[in-house]
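This report covers pockets, one helix, ring pairs and backbone angles. The structure is shown below.

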Amino acid sequence: MIEAELKARVHDVAEVTRRLEARTAGRAEVYQDTYYDEPAGTLEKEDRELRVRTVRGAQTTKTILTYKGARVDAASGSKPEHETRVEDPEAVHAMLRGLGYVPVIAFEKQCRNYEFQAHGRPMLATVVTVPEIDGSFIELETQVEENGLRGALDDIRSVLGELGIQDGDLTTELYTDAVRARRS
């Protein structure tokens with residue numbers, strides 16, 4: 001499956017949040033992301049990602065291991081994505097290090113997630129603040145087969161418009177790159 005996703009800068013967080021809350025109740029979560037790569041940086045050079053994410057919500061904590069392949073759409077940054085829930089995060093971190101991967105960057109994202117249906121698709125909207133980066137973002141995604149990517153991105157763009165997000169607000173900037181730049 002492809003994670004069809006668009007990300008944009010949010011200029012009026014209160015208004016976007018109000019419009020999302022009119023669709024469904026959001027849930028506040030904090031993501032702790034650790035990205036791994038080979039010592040030579042092979043995954044990054046090939047536009048792939050290997051991440052361990054721990055998500056802390058009001059009632060639950062869960063950890064997810066994610067592998068993302070190279071982008072299949074340069075304009076949106078959409079990638080094939082494979083995820084699985086992790087029972088023991090410390091064991092997964094140890095396994096990845098034991099396989100020769102090294103943690104290359106770790107950071108926190110403060111998120112408010114909204115799950116809803118639009119255009120006949122399940123969608124996830126996430127309003128994101130990364131304490132180390134100026135501003136807030138919205139990510140809107142759905143899962144599709146690769147041959148359905150264009151239609152899914154059109155539907156996502158339409159929903160973003162309903163939320164007050166313009167095409168000029170879209171960005172493919174990676175949080176990892178922005179955090180690295182801020183730290184250097």
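Just after helix 3, Gly100 takes a positive phi of about 100 degrees. The model is a predicted one, and the angle is computed from its atoms.

**Helix 3**

Helix 3 spans residues 89-98, and its buried residues are Val92, His93 and Leu96. They lie on the same side of helix 3 because they cover an arc of only 100 degrees around the axis. An α-helix has 3.6 residues a turn, so residues three or four places apart point the same way. The face turned away from the buried side carries Glu90, Met95 and Gly98, which are exposed. On the buried side, the packing partners are strand 2, strand 3, strand 4 (61-68) and strand 5 (79-86).

**Positive phi outside glycine**

Asp47 is not a glycine, yet has a positive phi of about 65 degrees. Asp47 sits in the loop between helix 2 and strand 3. Its relative accessibility is 22%, so Asp47 counts as partly exposed; the cut-off for buried is under 20%.

His119 is likewise not a glycine and has a positive phi of about 55 degrees. This residue belongs to the loop between strand 6 and strand 7 (121-129). With 43% relative accessibility, His119 counts as partly exposed; exposed would require over 50%.

**Aromatic pairs**

How many aromatic pairs does a search of the whole structure find? The search returns 2. Tyr35 and Phe107 form a stacked pair, 6.0 Å centre to centre, with 10 degrees between the planes. Tyr35 is in strand 2 and Phe107 in strand 6, 72 residues apart, so that this pair links distant parts of the chain. Tyr35 counts as buried at 11% relative accessibility, and Phe107 is buried with a relative accessible area of 2%.

Phe137 and Tyr175 form a pair with ring centres 5.5 Å apart; the planes stand at 85 degrees, so the pair is edge-to-face. This pair, too, links distant parts of the chain: Phe137 is in strand 8 (residues 136-144) and Tyr175 in helix 5, 38 residues apart. Phe137 and Tyr175 are both buried.

**Pockets**

The table sets out the two pockets by volume and lining.

| Pocket | Volume | Lining residues | Nonpolar | Polar | Charged |
|---|---|---|---|---|---|
| Largest pocket | about 870 Å³ | 41 residues | 11 residues | 11 residues | 19 residues |
| Second largest pocket | about 240 Å³ | 16 residues | 6 residues | 1 residue | 9 residues |

In the largest pocket, the residues nearest the centre are Glu3, Glu5, Lys68, Glu139 and Glu141. Strand 6 (residues 102-118) gives the most to this lining, with 5 residues.

Which residues lie nearest the centre of the second largest pocket? They are Glu44, Arg48, Glu49, Thr176 and Arg180. At least two lining residues come from each of strand 2 (27-37), helix 2 (42-45), strand 3 (49-57) and helix 5 (175-183).

**Shared elements**

Some elements recur across these sections. Strand 2 holds Tyr35 of the stacked pair, is packed against by the buried residues of helix 3 and supplies at least two residues to the lining of the second largest pocket. Strand 6 holds Phe107 and gives the most to the lining of the largest pocket. Helix 5 holds Tyr175 of the edge-to-face pair and supplies at least two residues to the lining of the second largest pocket.

Notes:
Residues are numbered from 1 along each chain as its sequence is written. This is a predicted model: local features need pLDDT of at least 70, side-chain atom pairs count only at pLDDT 80 or more; totals for chains, interfaces and linings use all residues. Side-chain values use heavy atoms; hydrogens and water are left out. On a 1 Å grid over the protein atoms alone, a cavity is a set of points where a 1.4 Å probe fits but cannot get out, and a pocket is an open set with protein on both sides within 12 Å along at least five of seven lines; lining residues have an atom within 4 Å of a point. Grid points are joined across faces, edges and corners, and a volume is the space filled by probe spheres set on the points. Helices (H or I, at least four residues) and strands (E, at least two) are DSSP runs, numbered from the N terminus. Ala, Val, Leu, Ile, Met, Phe, Trp, Tyr, Cys and Pro count as nonpolar, Asp, Glu, Lys and Arg as charged, and the others, Gly among them, as polar. Buried means under 20% relative accessible area, exposed over 50%, partly exposed in between (1.4 Å probe, protein chains only). The arc is that of the directions from the helix axis to the C-beta atoms. Contact means heavy atoms within 4.5 Å. Rings of Phe, Tyr and Trp (its six-membered ring) pair if their centres lie within 6.5 Å; planes under 30 degrees apart count as stacked, over 60 as edge-to-face and the rest as tilted.
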